[in-house]
Amino acid sequence: MSFWDQRYSQPEYAYGTTPNNYFRESMEKISGEKILFAGEGEGRNAVFAALNGWKVTAVDLSVAAKEKAEALALKNAVKIEYIVSDLEELVLPEMYFDALVLIFAHFEEAKRAGYHRKLARSVKPGGWLILEAFNKYHVNRQAENPEVGGPRDVNMLYDMKDLKRDFPDFELSECYQTETELHEGLYHLGWASVVRILGRKKNL
């Protein structure tokens, strides 16, 4: 069993059932119909979007995550499409989604930029990007409090300059690093160092 299947196989929702705060706040600033979540886990953000009228597609590696997400969607009387796939193998329509959401979706350093650009190609011109992730300074927060979570490999923590390069086709209305206190389920508890992005795809 993979690390993520093991984590998501527990009865509790690992990161809770309420949406990430930055995602929830950013959703008030955007509009559209079709939204893509990558590395979505147990569906807390996807279900929130569906409750707000979006047509949701979610992607994750974990079968257990899909089962939890679909159970959460059923409990909330909404529908989501959930694809279990590695991003390497994932086939997405180009210029199809009105928004792409990446909430604590951390990829290996060697694959990060390629994955981000692949996902970005699926967004329509004028479509949106919402991203929150742990930044390089987060190692200090992890040292203070292991319960705050995040990748233990510093190379999987993100740098704001790298992320700007990963999404060259987006005009970034927000792109900044900050400290935030997380209260997300069992594994995101305490002060974290994060990078946040809200951007809109240029009309190329």
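**Exercise 1. Helix α3**

Task: Decide whether helix α3 is largely enclosed or open in this predicted model, and name what packs against it.

Solution.
Step 1. Take the cut-off: a residue is buried when its relative accessible area is under 20%.
Step 2. Apply it to α3. The residues that pass are R44, N45, A46, V47, F48, A49 and A50.
Step 3. Draw the conclusion. Seven of the eight residues of α3 are buried, so the helix is largely enclosed by the rest of the structure.
Step 4. Look for the partners. The buried residues of α3 pack against two helices, α2 (21-27) and α4 (63-75), and against the strands β1 (34-38), β2, β4 (97-103) and β6 (170-184).
Step 5. Check what follows the helix. After α3 comes G53, with a positive phi near 95°.

**Exercise 2. The whole chain**

Task: Describe the fold of the protein chain, and explain why it counts as compact as a globular protein of its length.

Solution.
Step 1. Count the elements. The chain has seven helices and seven strands.
Step 2. Put them in sequence order. The pattern reads α-α-β-α-β-α-β-β-α-β-α-α-β-β.
Step 3. Compare two radii. The chain has a radius of gyration of 16 Å, and the globule rule gives 17 Å for 204 residues. The values are close, so the chain is as compact as a globular protein of that length.
Step 4. Add the outer frame. Along the principal axes, the C-alpha atoms fill a box of roughly 45 × 40 × 30 Å.
Step 5. Turn to burial and surface. Of the 204 residues, 50% count as buried. The chain exposes about 10,000 Å², and carbon and sulfur atoms supply 49% of that area.
Step 6. Look at contacts between residues at least 6 apart in sequence. Of these, 71% join residues at least 24 apart.

**Exercise 3. Pocket and cavity**

Task: Find the volume and the lining of the largest pocket, then do the same for the largest cavity.

Solution.
Step 1. Recall the idea. Rolling a probe the size of a water molecule over the atoms shows where empty space is left.
Step 2. Start with the pocket. The largest one holds about 920 Å³ of space. It is lined by 38 residues, and the closest to its centre are W4, Y8, F104, A105 and H106.
Step 3. Assign the lining to elements. Those giving two or more residues are α1 (3-8), α3 (44-51), β2 (55-60) and α5 (109-121). Helix α1 gives the most, with four residues.
Step 4. Sort the pocket lining by class. There are 19 nonpolar, nine polar and 10 charged residues.
Step 5. Move to the cavity. The structure holds one cavity of 30 Å³ or more. The largest cavity contains about 40 Å³ of space.
Step 6. List its lining: E109, R112, K136, N155, L157, Y158, D159 and D162. By class, the cavity lining has five charged, two nonpolar and one polar.

**Exercise 4. Two positive phi values**

Task: M95 and F104 are residues other than glycine with positive phi. Where does each lie, and is each buried or exposed?

Solution.
Step 1. Read the angles. Phi is near 50° for M95, and near 50° for F104.
Step 2. Place the residues. M95 sits in the loop between β3 (81-84) and β4. F104 sits in the loop between β4 and α5.
Step 3. Recall that exposed means over 50% relative accessible area. M95 has 52%, so M95 is exposed.
Step 4. Test F104. Its relative accessible area is 12%, so F104 is buried.
Step 5. Link back to the pocket. F104 is among the residues closest to the centre of the largest pocket.

**Exercise 5. W191 and E67**

Task: Place W191 and E67 in their elements, and classify their exposure.

Solution.
Step 1. Find W191. This residue belongs to strand β7 (residues 188-201).
Step 2. Use its relative accessible area of 42%: W191 is partly exposed.
Step 3. Leave aside neighbours within four places in sequence. W191 then contacts H138, R141, V148, E179, T180 and E181.
Step 4. Compare sequence with space. W191 and Y137 are 54 residues apart in sequence, and their C-alpha atoms are 12 Å apart.
Step 5. Find E67. It lies in helix α4.
Step 6. Use its relative accessibility of 53%: E67 counts as exposed.
Step 7. Repeat the comparison. E67 and G43 are 24 residues apart in sequence, and 9.4 Å apart in space, C-alpha to C-alpha.

Definitions and conventions. Residues are numbered from 1 along each chain as its sequence is written. This is a predicted model: local features need pLDDT of at least 70, side-chain atom pairs count only at pLDDT 80 or more; totals for chains, interfaces and linings use all residues. Side-chain values use heavy atoms; hydrogens and water are left out. On a 1 Å grid over the protein atoms alone, a cavity is a set of points where a 1.4 Å probe fits but cannot get out, and a pocket is an open set with protein on both sides within 12 Å along at least five of seven lines; lining residues have an atom within 4 Å of a point. Grid points are joined across faces, edges and corners, and a volume is the space filled by probe spheres set on the points. Ala, Val, Leu, Ile, Met, Phe, Trp, Tyr, Cys and Pro count as nonpolar, Asp, Glu, Lys and Arg as charged, and the others, Gly among them, as polar. The radius of gyration is taken over C-alpha atoms; the globule rule is 2.2 Å times the number of residues to the power 0.38. Buried means under 20% relative accessible area, exposed over 50%, partly exposed in between (1.4 Å probe, protein chains only). Contact means heavy atoms within 4.5 Å. Accessible areas come from the Shrake-Rupley method with a 1.4 Å probe; for residues, only the protein chains shown count as cover.
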